[in-house]
Amino acid sequence: MGGTEQRGRFYRRCLTIYGLATMSLAASCSVAATSDRGLLAGEVSEVAAGVWRIRFGNPERFVPTSFRERDPRIVSINALTDPGTLPFSLEDIRCHRLSGRLAVYVPCDEPQDEIYGFGLDPRVYRQKGYRKWLTLSAGVVGETGASHGPVPFYVSTKGYGVWVDTARVPFVHVARLTPKASLMGSAENQAGDLKTSVSELYAAQKASGKPEVVFDIPAATGVDVYVFGGPTLRQAVQRYNLFSGGGCIPPMWGLGLKYRTYTQGDHKTVMNVAETLRRQHVPCDVIGLEPGWQTNAYSCSLVWSDQRFPNHQDVVDRLRGMGYQINLWEHAYIHPSSPLFDSLKSRSGDFLVWGGLVVDFVDPKAFDLYSQYHDAEFIQHGISGFKADECDRQPITDSTPFNYPYCSIFPSGIDGEQMTQLYGYLYQRSIYTAFKKHNLRTWGDVRATASLSAPLPFNLYSDAYEQGEYLRQLLNASFTGLLWSPEVRDAPTLDEFLTRLGIAAFAPQTCLNIWSIPNPIWTQFDAEKNKKNLLLPEDEQQEVIAKVRELLNLRMSLLPYFYSAFYRYRYEGLPPARALPIEYPQDTKVRAVEDAYLFGDNLLVAPILGNKDTRKVYLPAGNDWWDFYTNTRYPGGTEQQIQTSPGRVPLFVRDNCILPLAKPVEHVADDTVFEITARVYGDEPASFTLFEDDGVSFDYEKGRFNRVTLSWRNGKGNVERTGSFHPHRCQIVAWDKIAPGSSQ
Ligand code: GAL
């Protein structure tokens with residue numbers, strides 16, 4: 001099959017409104033069968049303004065859209081700017097049915113542009129030229145693409161995005177293949193000169209012809225491909241997140257520190273951490289319990305251990321009385337001693353993991369049983385969140401594999417490959433459903449997720465620990481509706497400990513995951529020494545506590561500001577932390593920046609990695625930037641060499657903005673009122689809107705929230721509140737017009 005004209009014969013275009021018209025549309029638009037060479041007919045529907053679905057053949061039954069948490073937010077998509085013109089025609093997207101697989105070809109003839117996305121990839125940021133293997137995995141093996149959150153969605157700086165609705169594990173060739181057709185009339189890349197280095201050798205083999213992104217999808221015989229218009233990459237990301245249903249809004253307390261305690265610890269270990277944090281005035285909102293709270297953890301009984309927690313309800317009540325939320329570690333492989341075991345026996349896969357049942361979450365009954373158990377046993381007893389661990393897949397290089405295979409059989413009919421890809425996603429949904437029933441928000445942790453995850457209030461994390469990868473994952477997550485928690489576990493030096501905490505303090509979740517070491521982290525951050533009880537002298541412990549407190553207080557002061565960013569995530573699809581190409585699509589220089597990002601609307605974070613005290617930072621063009629600490633003003637579009645000290649994360653404030661800074665609280669209570677100083681940067685600052693609500697329920701969905709808009713006119717600050725939510729959560733106590741160079 002040749003060019004556009006010929007292929008066009010196989011397309012029908014239909015305009016529809018998502019959901020309602022789909023059935024009749026499908027009937028009225030049924031198209032011709034495949035060509036004799038496996039080319040499938042495509043059926044185009046516009047599902048919302050600037051979002052097109054192209055249906056090839058009969059899509060599979062078990063795909064992400066079959067399990068979506070929320071319907072697309074069509075109102076918000078339609079409210080976005082005009083999507084602009086795509087750089088290709090939808091008819092140019094082809095799909096071939098081959099023996100046992102499908103191939104989808106999307107034009108990508110845009111040599112000056114970059115491609116981002118594909119989920120939580122720890123290794124690669126700019127995606128062109130790579131072969132991605134989008135497999136759910138606890139580690140990267142071979143091809144890039146394996147991750148805790150592989151998502152077959154990418155965006156281009158040309159201003160569009162493409163998503164394939166599949167739960168298969170595709171190979172994706174990102175503008176790296178040379179179609180035979182490109183031989184015609186071109187002798188490029190045929191040069192016969194012999195190279196003398198490996199890099200030159202392979203550089204000479206670059207793909208040529210009209211590049212495409214090729215999705216090579218096993219098993220499927222039909223698939224839906226979605227194209228999200230722009231006009232810039234920013235709106236393409238927004239469209240995808242809104243199509244996913246819009247982002248989650250965490251409970252307000254979720255934005256404070258989560259401290260996870262020692263896995264072998266008991267009630268005394270937990271209370272010691274909780275009491276010391278309060279005594280030392282280190283802000284903390286959530287105490288997380290690791291496996292030891294259960295009678296059996298690998299696999300899980302989901303029953304409290306009487307041995308370590310003889311009166312667990314008392315511990316829960318005391319912690320709650322101190323203002324803590326409690327998060328429980330678990331995984332969804334069910335131990336024979338669990339009360340859930342019998343009812344799930346016939347509703348699980350044909351292989352065990354650590355001797356436990358693999359829950360068939362696709363079966364509605366199994367989904368409900370799991371959900372209701374969490375409700376009755378934990379949520380109704382004061383538990384606010386869960387850490388859904390181990391739901392990814394051990395890399396094949398590991399000799400202790402813990403997962404079920406792709407050839408697993410589940411009673412619902414989903415196969416092992418699809419289940420592996422969707423397990424973490426469905427698992428989150430089952431838990432989240434239990435909270436929603438009580439009109440309660442939650443904030444959890446999860447080690448695996450899939451497409452359409454934006455509405456799910458869970459943070460991805462990993463056992464991997466390379467700092468550069470942690471930062472890259474934060475950026476990559478922002479392209480595909482994922483949240484990443486760059487947890488801190490330990491560090492060989494105080495400086496590294498603080499630089500790690502620096503990234504965590506400016507991430508969707510700040511987590512100290514001290515599961516593997518017995519003594520609290522401030523007594524010794526070096527894991528090996530901590531395990532041997534070689535603790536720091538008291539004065540050094542105090543120094544660690546002081547630094548941790550300082551960093552966390554800074555996060556707490558930004559809490560109302562950052563919380564408001566989640567409203568934009570929910571209703572506009574803009575991620576709370578953003579890679580720079582999302583925020584500055586016009587500035588081509590930001591495209592290669594993998595070590596800085598936006599935290600909320602107006603703060604650029606340039607974390608330090610390792611033990612350094614200086615780094616270069618590129619400040620995007622379009623506006624000036626203010627050093628948060630010294631108020632030095634820098635022009636945008638410039639690179640600066642920044643000097644800093646451990647624990648002081650380089651931060652830059654966008655010129656002409658209002659930055660609300662709250663007096664830090666030690667934890668967020670239902671009645672916390674934030675005392676806010678509005679800092680004013682520049683002479684013509686844009687207004688800033690804070691959101692106020694109860695911080696814990698879904699009542700905001702019924703309009704029970706306020707918009708508190710801060711503006712600055714004629715040298716004076718104004719506060720305008722709309723909405724009828726009471727009591728007010730934000731009190732503007734002062735205005736501070738920042739003068740250049742007036743360091744704090
Ligand atoms: C790991 C998890 C860690 C910790 C540990 C407890 O799988 O990634 O964060 O929870 O289990 O056994």
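**Entry 1: strand E31**

How many of the eight residues of strand E31 (residues 674–681) are buried? I worked from a predicted model. I found that six of the eight are buried, so E31 is largely enclosed by the rest of the structure.

I then looked up the strands that pair with E31. Strand E30 (residues 657–662) runs antiparallel to E31, and six bridges join the two. Within this pairing, I noted that Leu659 stands opposite Arg679 of E31. With strand E35 (residues 730–737), E31 pairs in the parallel sense, and I recorded seven bridges there. Two positions served me as markers: Glu675 has Gln731 of E35 as its bridge partner, and Val680 stands opposite Lys737 in E35.

**Entry 2: the sheet as a whole**

In what order do the three strands stand in the open sheet? I read the order as E30-E31-E35, with mixed pairing. E30 and E35 stand at the edges and have a single partner strand each, so one side of each is left without a neighbour in the sheet. I also noted the turn between neighbouring strands of this sheet, which is 30 degrees on average, direction ignored. As a general point, I wrote down that side chains in a regular strand alternate between the two faces of the sheet.

**Entry 3: Asn656**

Next I looked up Asn656, whose place is in the loop between strand E29 (651–654) and E30. Is Asn656 buried or partly exposed? I found a relative accessible area of 26%, and Asn656 is therefore partly exposed, since buried means under 20%.

Leaving aside neighbours within four places in sequence, I listed the contacts of Asn656 as Tyr681, Gly682, Asp683, Glu684, Pro685 and Ala686. I also looked up a separation: Asn656 and Leu344 are 312 residues apart in sequence, and their C-alpha atoms are 57 Å apart in space.

**Entry 4: helices H12 and H14**

I turned last to helix H12 (residues 494–505) and helix H14 (residues 538–557), whose axes come within 10 Å and cross at roughly 15 degrees. Angles under 35 degrees count as roughly parallel, and H12 and H14 are therefore roughly parallel to each other. I recorded their crossing as right-handed.

Which residues of H12 meet H14? On the H12 side I listed Leu494, Phe497, Leu498, Leu501, Gly502, Ala504 and Ala505. On the H14 side I listed Glu543, Val544, Lys547, Val548, Leu551 and Arg555. By class, I noted nine nonpolar, one polar and three charged residues in this contact of H12 with H14.

Definitions and conventions:
Residues numbered from 1 in each chain as written. Predicted model: local features only at pLDDT ≥ 70, side-chain atom pairs only at ≥ 80, totals over all residues. Heavy atoms only, no water. Buried < 20%, exposed > 50% of the residue type's maximum accessible area, 1.4 Å probe, protein only. Helix = DSSP H or I, 4+ residues; strand = E, 2+ residues; numbered from the N terminus. Pairing = 2+ DSSP bridges. Axes fitted to C-alpha atoms, helices over the stretch in contact; angles between N-to-C directions. Parallel < 35°, antiparallel > 145°, perpendicular 65-115°, else oblique. Left-handed = near helix turned anticlockwise from the far one by under 90°. Contact = heavy atoms within 4.5 Å. Nonpolar A, V, L, I, M, F, W, Y, C, P; charged D, E, K, R; others polar.
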